[in-house]
Amino acid sequence: MSTATTWLDQVPSLDILDLREVQHISRSVLDRLAEDRELLTRLVEDVREDPERLSVSRVTLLLNRLSLYQAADRGFEVRLNMNPRPDNQHVPHNHCYAFATRILQGGYVHVVRRRTNGWAGPFTGADLEPAIVTFERPGSAYTIGDAMVHQAVMEPDTVTLFIRGPRRKKLSHAAEELMPPRDTWPAPALPGDEPQESRPPTLEEYHAMRAYLIQCCLIN
C-alpha cells in the first residue's frame, strides 16, 4: 500500500454545512484529479494493496465503484464510478451526505426532483415532480446536498469522479416501487450466495475495472 504524500493530503475538511463551500472545495479537487493522470493511476493501483479500500469499493445494482482516497479525519472520500447498468438507473433517490461529481467519459441525463411531501423521510414516485433536467458531458460537474432527490440515467461507457462528504443522516431513501427487480442485481461473489444490492468487488472484478480504465485511456 502506498503511503506517499500527495496534494490530496492538503485538501481542507468537508465536514462543513455550507453547501457552496463544499462545492468550491470539491470542484477544485475533482478538476485537479481529473488532470493528474499519474496520481489517478496510482490511486487505482493502490486499491488492490489496501484491504480497507478494496472492501469499501463496491459492485452495486447501479454501477461499480473504486474507493480511491479516504480522509475520515477531514470528512470525505474520493471514488471512481464506472460500468453503469442503464436499465437500473431510473430510481429517484437521495443520499446520507452531500457529494460532488465530475464526468470523465460518457455522460447522462441528470434529473433533480422536487418533493411534495416534505424534505425528510421516505417518499414514493407519486411524491416527486421534475424540477431540473440537465445533460451532463465530459468536464461537467455538479454538487448535490443530502436532502435533494435525483436520478442519473447514464450512458453505458460513463466514468465519473465522485467525492462525498460526511454522513448527515441515518438513512437514505429511494422510491421503493421503482427499484430494479432482484434478477438484475449483481451476481453473488461466491456461487450459492444470495444476490446483494451492493457488495465488495472480488479481486478479479477489481482487475477487470482497472483494465477497463486503461482501455478507456483514463489511467496508465
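Student: Which residues of helix 1 are buried in this predicted model?
Tutor: Happy to start there, and do keep in mind that the model is predicted. The buried set covers an arc of only 125° around the axis, which puts these residues on the same side of helix 1. On the other side, Arg 20, His 24 and Glu 35 are exposed. The buried residues are Val 22, Ile 25, Ser 26, Val 29, Leu 30 and Leu 33.

Student: What do the buried residues of helix 1 pack against?
Tutor: Their partners include one helix and several strands. Listed in full, they are helix 2, strand 3, strand 4, strand 7 and strand 9.

Student: How far apart are the end C-alpha atoms of helix 1?
Tutor: Let's begin with the expected span. Helix 1 has 17 residues, and at 1.5 Å a residue it should span 24 Å. The model agrees with this, because the end C-alpha atoms are 24 Å apart.

Student: Which strands stand at the edges of the open sheet?
Tutor: The sheet has 7 strands in the order 7-4-9-3-2-1-10, with antiparallel pairing. An edge strand has a single partner, so one side of it is left without a neighbour in the sheet. Those strands are strand 7 (141–144) and strand 10 (198–199).

Student: How many residues of strand 9 are buried?
Tutor: Good strand to pick! Val 159, Leu 161 and Ile 163 point one way, while Thr 160, Phe 162 and Arg 164 point the other way, and all are buried. Strand 9 is therefore largely enclosed by the rest of the structure, the count being 6 of the 6 residues.

Student: Over how many bridges does strand 9 pair with strand 4?
Tutor: Here Ala 100 has Ile 163 in strand 9 as its bridge partner, and Phe 99 stands opposite Arg 164. Strand 4 (residues 99–105) and strand 9 (residues 159–164) run in the antiparallel sense, paired over 6 bridges.

Student: At about what angle does helix 4 run to strand 2?
Tutor: Helix 4 (residues 203–215) lies across strand 1, strand 2, strand 3, strand 4, strand 9 and strand 10. Helix 2 also lies across strand 2, running at about 100° to it. For helix 4, the angle to strand 2 is about 90°.

Student: Which residues touch the most other members of the largest nonpolar core?
Tutor: This core has 35 residues, and the elements that give two or more of them include helix 1, helix 2 and helix 4. Leu 80, for one, touches residues including Val 44, Leu 104, Leu 161 and Leu 213. The residues asked for are Leu 66, Leu 68, Leu 80 and Leu 213.

Definitions and conventions. Residues are numbered from 1 along each chain as its sequence is written. This is a predicted model: local features need pLDDT of at least 70, side-chain atom pairs count only at pLDDT 80 or more; totals for chains, interfaces and linings use all residues. Side-chain values use heavy atoms; hydrogens and water are left out. Two strands pair if DSSP finds at least two bridges between them. Helices (H or I, at least four residues) and strands (E, at least two) are DSSP runs, numbered from the N terminus. Contact means heavy atoms within 4.5 Å. Axes are lines fitted to C-alpha atoms, for helices over the stretch in contact, and angles run from 0 to 180 degrees between N-to-C directions. A nonpolar core is a set of buried Ala, Val, Leu, Ile, Met, Phe, Trp, Tyr and Cys residues joined through side-chain atoms within 4.5 Å. Buried means under 20% relative accessible area, exposed over 50%, partly exposed in between (1.4 Å probe, protein chains only). The expected span of a helix is 1.5 Å times one less than its number of residues. The arc is that of the directions from the helix axis to the C-beta atoms. Lists of a residue's contacts leave out its neighbours within four places in sequence.
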